[in-house]
Amino acid sequence: MKEKIYIFDTTLRDGEQSPGASMNTAEKLRIATHLEKLGVDAIEAGFPAASEGDFEAVSEIARKIVNSEVVALARASVHDIDRAWNAVCHAKRPKIHTFLATSDIHMEYKLQMSREEVIKTAVEAVTYAGNFTENIEFSAEDGSRSDPDFLCKVFEAVINAGAKVVNLPDTVGYAVPHEFGKLVEYVMKNTPNIGKVRLSVHCHNDLGLATANTLAAIHAGARQAEVTINGIGERAGNTSLEELVMTLNTRPNYLPVTTGIETSRIYRVSRLVSMITGIMIQPNKAIVGANAFAHEAGIHQDGLLKNPMTYEIMKPETIGLTSSRMVMGKHSGKHALRKHLKNMGYDLSDEEVRQVFEKFKALSDKKKVVLDEDIEALVNERVLRTEDVYGLKYLHVSCGTTVMPVATVVLLANDQEYRCTGSGNGPIDAAFNAIAELTKTKSALLRFSVSALTGGTDAQGEVTVRLKEDDLIALGRGADPDIITASALAYVNGLNRLEYLKQNPSRISESL
Ligand code: KIV
Ligand code: ZN
């Protein structure tokens, strides 16, 4: 009998702490629905005390998700725990996750608390949370840099107070696998009541070791892993769900454990999170990067043809990457599109299918073969943007070798149309100047990047922009076969995200 490893996904909480990755409620709800279908055991939906936006998102997710636990984060205080419970109480399987730092450096400089005070506060927090639910997790923040004996004392005390999961985070990504495994082993041996609960780990990737540390911890007895899709998260991110799950899946002899993850949904969720957060996946990223299954060297290709196992340790189909691409074009109807969307895992409403179909028709006029990546971009870029302040209604550019680039833009805002013509160094610059004039934005463009979604000269261009206004940074993304239109869509998307951040100023990372 293989032992189960619980997958606790924190894409919507720690993942959202990635710079510029803030998501609105509709976007978080969409990701949560996909995480549930992916089979994660717990979805950490947010930190309700951090902002009204977080509170609302956690409440909405709690109302919708039925199979996975829905978790709300709270500092070890009555105020935070009340907020967490009020947000998460609607869930079928609610959970409160409270945390307090246990390392000497955090206790002395950040908390200004003695060890005794930390134990007392942690116990009080868990006891207070116990008034609402039995489903409580306690995290010893900066656990990997804490005195191991003190860590065991804290865990023993919070377990006695009612915690059902104790989590050992490598908050600053400082641990190395052998050492982290030893620490987990130590905690397992020296916390008298640890057998009553589940030991969890939560690793950050500052040294690129988050997945390795998590594996070492599982080897040493941890039975829950805290992870994010694509490894996004604070600073260098967290353990990536796909790396951990596929390692366990590919190397059952190394670790005879199992997870409840439906691996064939991994690629789809990875793309969705990338689209929504605007955080691109590096091409050489393990499991989900564009090159992860691309074999370039002739000798490899030859070997693969003779027997795929020569160079392929995992089958692309296992993570949901199929070689059977979308075979639809301009003659395909709405029913065929709806069916294909369903096969791709998108259960859209009639109105959403109508919107995607409209865009699909426009795209298939420009592009002969519409691929799955194109369809994903249509679904994610057009349907998911539900709370936008601005919409791009019209764009016309004139440019060439001998003319000054000029762009005319019509934006929709509050059901009104606003038109402006701008010039610039190139057509994209001209379009951006017109949009900036219409929105009167004070933001600066920090980054602009273009890539092709698929191969071929008729591929859709995918543009990402990074905008900064005062202390706020937002990413915007757009896709279209015309890269000038894709750029304008990305800029407008970035401006919408900035507006969202202005309305939700309190970011989690600032309050931790
Ligand atoms: O990294 C960390 O320590 C955390 C805790 C809140 C679990 O994110
Ligand atoms: Zn963290």
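Is Thr239 buried or exposed? Select Thr239 to begin; the model you have open is a predicted one. Thr239 has a relative accessibility of 0% and therefore counts as buried, the limit being under 20%.

**Stop 1: around Thr239**

Thr239 belongs to the loop that runs between β9 (224-227) and α9 (241-250). Show side chains here and measure to Thr214: the two side chains are joined by a polar contact of 2.8 Å. Then expand the selection to the contacts of Thr239 beyond four places in sequence, which are Cys203, Ala210, Thr211, Thr214, Glu226, Val227, Thr228, Gly231 and Leu244.

**Stop 2: helix α8**

Ala210, Thr211 and Thr214, all touched by Thr239, are also among the buried residues of α8. Select residues 210-219 to see the whole helix. Of its 10 residues, 8 are buried, so α8 is largely enclosed by the rest of the structure. The buried set is Ala210, Thr211, Asn213, Thr214, Leu215, Ala216, Ala217 and Ile218. To see what encloses them, display β7, α7 (177-190), β8, β9 and α9, against which these buried residues pack. Step just past the end of α8 to Gly221, where phi is positive at about 125°.

**Stop 3: the zinc ion**

Select ligand 2, a zinc ion. Its protein donors are Asp14 through OD, and His202 and His204, each through NE2. These donors lie 2.0 to 2.2 Å from the zinc ion. Along the chain, the donors are spaced as D-x187-H-x1-H. Asp14 is in the loop between β2 (6-9) and α1 (25-38), while His202 is in strand β8 (residues 198-203), so the pair ties together parts 188 residues apart in sequence. Asp14 and His202 are both buried.

**Stop 4: ligand 1**

Keep Asp14, His202 and His204 on display and add ligand 1, since these three belong to its surroundings too. The rest of the shell consists of Arg13, His97, Phe99, Ser139, Glu141, Asn167, Pro169 and Thr171. By class, the shell holds 2 nonpolar, 6 polar and 3 charged residues. Colour by secondary structure: β5 (94-101), β6 (136-141) and β7 (165-170) each contribute at least two residues to this shell.

Three distances are worth labelling.

- Arg13: a side-chain N or O atom is 3.0 Å from an oxygen atom of ligand 1.
- Asp14: a polar side-chain atom is 3.1 Å from an oxygen atom of ligand 1.
- His202: a polar side-chain atom is 3.1 Å from an oxygen atom of ligand 1.

Switch on a surface next: ligand 1 has 260 Å² of accessible area on its own, and the protein covers 96% of it.

**Stop 5: Ile7 in strand β2**

Which strand holds Ile7? Ile7 sits in β2, and its relative accessible area of 0% makes it buried. Its contacts beyond four places in sequence are Val40, Asp41, Ala42, Ala225, Val227, Leu241, Leu244, Val245, Thr259 and Ile261. Val227 and Leu244 also appear among the contacts of Thr239. For a long span, draw a line from the C-alpha of Ile7 to that of Pro405: the separation is 52 Å, with the two positions 398 residues apart along the chain.

**Stop 6: Asp374 and Tyr390**

Select Asp374 in helix α14 (residues 372-383). Asp374 is buried, with a relative accessible area of 0%. Its side chain makes a polar contact of 3.0 Å with that of Gln460. Gln460 is also one of the residues in contact with Asp374 outside its sequence neighbourhood; the others are Leu363, Lys367, Val369, Leu453 and Thr454.

Move on to Tyr390, in strand β11 (residues 390-398). With a relative accessible area of 16%, Tyr390 is buried. Its contacts beyond four places in sequence are Leu412, Ala413, Thr439, Val492, Leu495, Asn496 and Glu499. The C-alpha atoms of Tyr390 and Gln416 are 10.0 Å apart, with the residues 26 apart in sequence.

**Stop 7: two backbone exceptions**

Finish with Gln112 and Asn414. Gln112 is not a glycine, yet its phi is positive at about 50°. It is in the loop between α4 (104-111) and α5 (115-129), and at 63% relative accessibility counts as exposed. Asn414, also not a glycine, has a positive phi of about 50°. Its loop connects β12 (406-413) and β13 (416-423), and at 71% relative accessibility Asn414 counts as exposed.

Notes:
Residues numbered from 1 in each chain as written. Chains lettered and ligands numbered in written order. Predicted model: local features only at pLDDT ≥ 70, side-chain atom pairs only at ≥ 80, totals over all residues. Heavy atoms only, no water. Helix = DSSP H or I, 4+ residues; strand = E, 2+ residues; numbered from the N terminus. Buried < 20%, exposed > 50% of the residue type's maximum accessible area, 1.4 Å probe, protein only. Polar contact = N/O pair within 3.5 Å; in protein donor to acceptor, adjacent residues only side chain to side chain. Contact = heavy atoms within 4.5 Å. Near = heavy atom within 4 Å. Areas by Shrake-Rupley, 256 points an atom, 1.4 Å probe, with all protein chains shown as cover. Nonpolar A, V, L, I, M, F, W, Y, C, P; charged D, E, K, R; others polar. Donors = N, O, S within 2.8 Å, 3.2 Å for Na, K, Ca; no water.
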